Amino acid sequence: LIRTGVKMMWQVAEPNEALIISGFTRGSTGTSDGMDFKIVTGKGAFVVPGLQTVRALSLTLNETELQVNCVTSQGIQVVVQGVVIFKIGDSTPFIANAARRFLGQQAKMESQVYNVFEGHLRSIIGSMTVEEIIRERDKLASQVRSASGTEMEKLGLVVDSLQIKDLEDPTGYIQNLDKPHIAPVKMEARIAEATTNRERAENKARAAYLIA
């Protein structure tokens with residue numbers, strides 16, 4: 001009976017989770033804000049029923065799709081599509097921050113991350129031209145990721161990757177960028193076609209003359 005009771009009290013954290021033990025405990029968060037809870041990762045801990053409560057916080061990767069309406073420095077509207085892959089940080093301060101905000105409601109992380117990156121995308125794209133966005137997608141992603149670092153840390157989250165997948169242009173500005181280059185190409189094609197037709201006609205006339 002004693003052995004069964006001990007087994008029920010012994011809780012083991014899975015490799016991809018942190019156990020948050022609250023109640024009668026001294027805690028191990030290393031913080032000074034008065035919150036008293038213990039974080040357990042990669043091992044087990046005793047949890048006393050009635051005196052302590054244990055809840056799991058998942059440390060697995062999460063994904064948030066971005067679709068943000070922005071305005072460039074030229075005043076041109078664009079829609080930026082991307083994806084953020086993130087997770088709760090592995091260190092104790094990150095887990096503690098995430099526990100305070102998302103314990104029991106981790107589904108809210110996705111909307112919080114979206115809000116963080118939406119604001120920084122709009123701010124940074126507002127200082128760039130369309131041409132710069134097209135040429136420097138990796139630089140844009142790096143700047144947005146760097147700018148969001150402090151806010152993500154407060155949430156207890158770290159970014160695994162940020163990718164800018166597509167850039168939509170409701171005004172047709174990007175399509176018009178190609179027109180100055182397309183016109184000479186079309187002109188050259190028409191000239192080449194006219195030259196070919198003329199040579200073909202001359203060859204036919206010459207052949208007809210020789211037959212005659």
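**A walk from a surface patch to the strands**

Hi everyone, let's start on the outside: Trp10, Val12 and Phe46 make a nonpolar surface patch of about 310 Å². A patch joins residues with over 30% relative accessible area and no salt bridge, nonpolar side chains (Val, Leu, Ile, Met, Phe, Trp, Tyr) within 5 Å and like charges within 9 Å. A salt bridge would be a side-chain nitrogen of Lys or Arg within 4 Å of a carboxyl oxygen of Asp or Glu. Accessible areas come from the Shrake-Rupley method with a 1.4 Å probe, and for residues only the protein chains shown count as cover.

Before going on, please remember that this is a predicted model, where local features need pLDDT of at least 70, side-chain atom pairs count only at pLDDT 80 or more, and totals for chains, interfaces and linings use all residues. Residues are numbered from 1 along each chain as its sequence is written, and side-chain values use heavy atoms, leaving out hydrogens and water.

Back to Phe46: it sits in strand β4 (residues 44-46). Helices (H or I, at least four residues) and strands (E, at least two) are DSSP runs, numbered from the N terminus. Is Phe46 buried or exposed? Phe46 is partly exposed, because its relative accessible area is 48%, and that term covers values between buried (under 20%) and exposed (over 50%).

Now for strand β2 (residues 17-23), where five of the seven residues are buried. Seven bridges join β2 to the antiparallel strand β5 (residues 52-58), with serine 58 as the bridge partner of glutamate 17. Strand β3 (residues 37-40) also runs antiparallel to β2, through four bridges; there, lysine 38 stands opposite isoleucine 21. Strands pair if DSSP finds at least two bridges between them.

Technical notes. Buried means under 20% relative accessible area, exposed over 50%, partly exposed in between (1.4 Å probe, protein chains only).
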